[in-house]
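Hi everyone, thanks for making time this morning. Let me put the structure up so that we can look at it together.

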Amino acid sequence: MSGIRRVATALAAAALLSTTVVAATAGSAAAAADAVAAGGYAAVIKRTSYGVPHITASNLGSVAFGQAWAYAEDRFCDLADQVVKVRSERSRYFGPGPDNANLATDFAYANLGVMEKAQAQAATMTGDTRDMVNGFVRGYNAFLATKGAARVPGWCAGQPWVKPITAVDLLAYDRDIALLASGGALLAPIAAAAPPSAAALAVSKQQVKDDFAQLTEQSRAVSSNGWALGADKSQTGKGMLIGNPHFPWEGELRFWESHLTVGSSLNVYGASLGGLPGVQIGFTDKVAWTHTVAAGARYTFYSVNLVPGQPTKYTVDGTPEAMTGKPVTLKVKQPNGSLADVTRTMYSTRYGPVLDLSAIDPSLGWNEFSAITYRDANIDNDKLIPTWLAMARASDTNGLKNAIAANQGIPWVNTIATDSAGNAFYTDSSPTPNLSPASIAEWASNPLGLLDGSNSANAWVVAPGARSPGLVPFARQPQLTRRDYVFNSNDSHWVPNANQFLTGFTPLQGPEGTPLTVRSRQNVKLINSQAKFDLAGLGTTILSGDTYTAAQLAAYTVSSCQARGHTPVVVDGTAVDISAGCTVLASWDKQFELASRGAVLWRETVGAVVAANPEADPLNQAGPLFGVPFNPADPTRTPRGAPASPDALLQGLARGMQRMRAVGLALNVPMSQVQYTVKNGQKIPVPGSTENIGIANMAQYQAMPGSSLEPFMDPGTFVPGSDLTDKGYVVNYGTSFLLTLAYTSSGPSAKCILTYSESGDRNSPQYTDQTLLYSQKRLRDCSYSTAAINADTKSVEVIAATA
């Protein structure tokens with residue numbers, strides 16, 4: 001164990017003092033025991049290869065304490081930045097921001113009331129949740145006290161807003177995570193809303209549109225693949241899992257990997273969103289689970305009729321009702337560094353905050369006749385921590401199901417799980433509004449799902465068994481257990497298995513009888529590519545460079561363009577000789593591997609067809625791309641096949657050639673030279689590709705992959721109509737924490753990768769190491785057993801603190 005660093009931590013009256021020594025002192029273990037005995041916290045953090053922390057402690061509070069300390073070592077700035085956000089203090093430290101962006105988030109969070117709700121929750125916390133929250137806060141603050149604000153790792157070092165956090169801060173941010181698919185995507189519309197006679201906060205109309213698009217297209221903005229294989233699809237005869245969340249590579253929504261052990265009561269390995277204690281995607285010795293963003297609605301929009309001449313009063317069943325006015329005063333940094341007060345009154349109806357969606361449609365603004373408001377299914381969700389803790393304590397998928405049912409705190413994702421007995425389980429337990437049949441019909445008839453809020457019959461219906469009044473109880477939500485497999489790739493609940501459909505649920509849970517995305521169809525193809533899987537096969541398959549569109553259409557495109565010869569294709573008035581592109585595609589291996597020549601041209605070809613035919617929905621309906629139409633009885637294999645005419649594909653090829661030539665790319669350029677991420681100025685090639693081509697392993701760019709103020713990567717200047725830029729394809733979103741697991745007779749065996757690496761500190765070796773590994777599609781062992789951890793231990797910290 002040479003080179004191992006052990007930090008022995010002694011107790012002081014009210015502070016944590018650290019000493020670095022060659023080996024653990026005899027007093028370090030005693031000091032840790034004394035800390036716990038005195039009501040304090042103590043944990044041992046062993047880091048294995050790639051910086052993965054394995055945290056052990058004698059109780060939940062201490063393991064959360066250790067988890068927060070380890071997290072702070074790697075990602076301190078992510079949580080610090082988000083606490084400033086939920087405190088509505090961004091304007092205080094950063095000024096109003098471009099287009100009042102900081103003012104908008106500050107006012108919106110104040111109106112959402114996340115801090116007040118967190119205060120109420122903190123005052124009533126009990127048991128495990130209280131212990132984990134308080135322990136996490138203590139660990140994070142202990143790290144800050146020991147390190148000092150000027151020396152914390154990452155981009156926030158020395159900033160005036162780097163301060164200790166409270167339990168209220170942590171709970172407010174955890175609630176913000178719950179709002180990601182609802183109120184968190186309506187911040188600009190909330191901030192912009194003002195009575196017609198009042199001065200509105202000037203916010204970017206484009207930001208309102210972007211926020212709204214993020215909400216209504218949530219399953220595409222943050223996506224994933226999840227497979228649970230049962231005994232019938234596993235070579236071990238036990239359960240297997242693929243957890244493949246497609247999440248941002250920058251900002252606060254990056255996953256972070258850890259392993260938590262508390263005696264015999266908790267032993268869970270996996271990934272978590274920063275600032276959320278515990279593990280959200282992971283495994284134990286009995287059960288493993290992953291999540292995919294669900295397709296349903298976590299909210300409902302309402303239009304209310306206003307009392308004539310009184311724009312802050314509305315009617316419900318003809319009776320006037322006053323909106324709630326909430327005066328909010330912010331301290332705003334001025335150009336000279338001074339602070340000035342800015343005050344606005346924020347308004348809410350009985351449903352929730354008033355919105356200004358006039359950037360979407362002028363009729364959706366706040367005018368003298370009506371206003372738009374909404375109700376949020378996750379605003380009262382205080383069950384995130386206990387839900388995932390209960391799941392980690394389950395002994396099988398039935399126990400995991402019971403954990404979800406008892407808490408109903410999973411906010412906006414499907415759950416895909418397996419166990420050591422070979423069961424595969426799926427559910428979408430996301431909080432879903434419970435509407436009457438008449439209200440559902442009204443909701444379905446409006447493109448925005450807009451309900452008449454002046455009619456009380458459109459209120460959410462209270463049903464027994466729901467976490468909060470007005471939600472659909474878990475017992476009435478989609479769920480399925482099988483012995484072969486279940487899967488989800490962000491389509492709705494209705495096809496968890498190619499041979500069994502889940503139907504008859506409220507459409508707010510998600511659509512039924514509609515086409516699956518090409519990525520979902522590709523996932524089923526991959527699942528069916530082997531009769532039974534082994535662990536190595538899971539990783540190889542999910543990272544495959546095979547795509548649905550290439551397999552279905554590439555040969556047809558090549559034969560069509562070869563038949564055309566040098567006869568040009570006219571696009572946008574320009575004649576394009578496509579023969580050179582045809583030659584490239586004919587030689588292409590039809591794969592999206594880094595060495596593949598032709599993959600970039602195919603991506604641009606398909607992308608051009610989709611962009612040129614938005615009304616035709618070419619990826620999901622027969623027409624420009626596919627010949628066999630969608631069949632609801634066969635959703636995993638339709639639409640498919642070549643179209644009746646190759647014209648759209650050949651025009652797409654011509655446009656794709658134009659796009660590549662516009663940025664100086666050879667038509668046969670290998671993908672490795674075009675698609676990459678940037679770490680400390682180093683370009684690292686990234687495998688995978690975009691949703692449109694039908695690949696399981698996603699890699700692409702998102703302009704705002706989160707709400708962090710950390711500077712993001714520059715993607716370059718985009719070619720019109722394409723996601724290709726003069727810098728190529730810069731990747732900051734896609735496969736993130738990839739977990740592949742098989743239960744065996746000797747316990748769980750897992751291989752995984754955190755694609756953007758464990759640390760956010762640019763000076764850390766763990767800032768790039770796994771990214772380089774992922775570039776080669778290499779997975780690493782997830783050390784779970786005590787023997788495996790001890791054999792791979794690179795450093796040890798023993799930390800302790802008073803309560």
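I'll go through confidence, then a pair of helices, then a small sheet.

Please keep in mind that this is a predicted model. The average pLDDT for the protein is 94, and 95% of the residues reach at least 70. The stretch to treat with care is residues 1-26, where the pLDDT is below 50. In the model, that stretch still has 56 contacts beyond near neighbours in sequence.

Now to the helices. Have a look at H6, residues 127-147, and H7, residues 167-178. How do they cross? Their axes come within 9 Å, at an angle of roughly 110 degrees. An angle from 65 to 115 counts as roughly perpendicular, so that is how H6 and H7 stand to each other. The crossing is right-handed. And who makes the contact? From H6 we have Val133, Asn134, Phe136 and Val137, and these meet Ala167, Leu170 and Leu171 of H7. By type, that contact has 6 nonpolar residues, 1 polar and no charged.

Finally, the sheet. It is an open one with 3 strands, ordered E26-E25-E28, and the pairing is mixed. Which strands stand at the edges? Those are E26, residues 682-685, and E28, residues 729-730. Each has a single partner strand, so one side of each lacks a neighbour in the sheet.

Let's zoom in on one pairing. E25, residues 675-679, runs antiparallel to E26, and 4 bridges join the two. If you'd like a spot to click on, try Tyr676, whose bridge partner in E26 is Pro685.

That's my tour, thanks for listening!

Conventions: Residues are numbered from 1 along each chain as its sequence is written. This is a predicted model: local features need pLDDT of at least 70, side-chain atom pairs count only at pLDDT 80 or more; totals for chains, interfaces and linings use all residues. Side-chain values use heavy atoms; hydrogens and water are left out. Two strands pair if DSSP finds at least two bridges between them. pLDDT is the predictor's confidence in each residue, from 0 to 100. Contact means heavy atoms within 4.5 Å. Axes are lines fitted to C-alpha atoms, for helices over the stretch in contact, and angles run from 0 to 180 degrees between N-to-C directions. Angles under 35 degrees count as roughly parallel, over 145 as roughly antiparallel, 65 to 115 as roughly perpendicular and the rest as oblique. A crossing is left-handed if the near helix is turned anticlockwise from the far one by less than a right angle, and right-handed if clockwise. Ala, Val, Leu, Ile, Met, Phe, Trp, Tyr, Cys and Pro count as nonpolar, Asp, Glu, Lys and Arg as charged, and the others, Gly among them, as polar.
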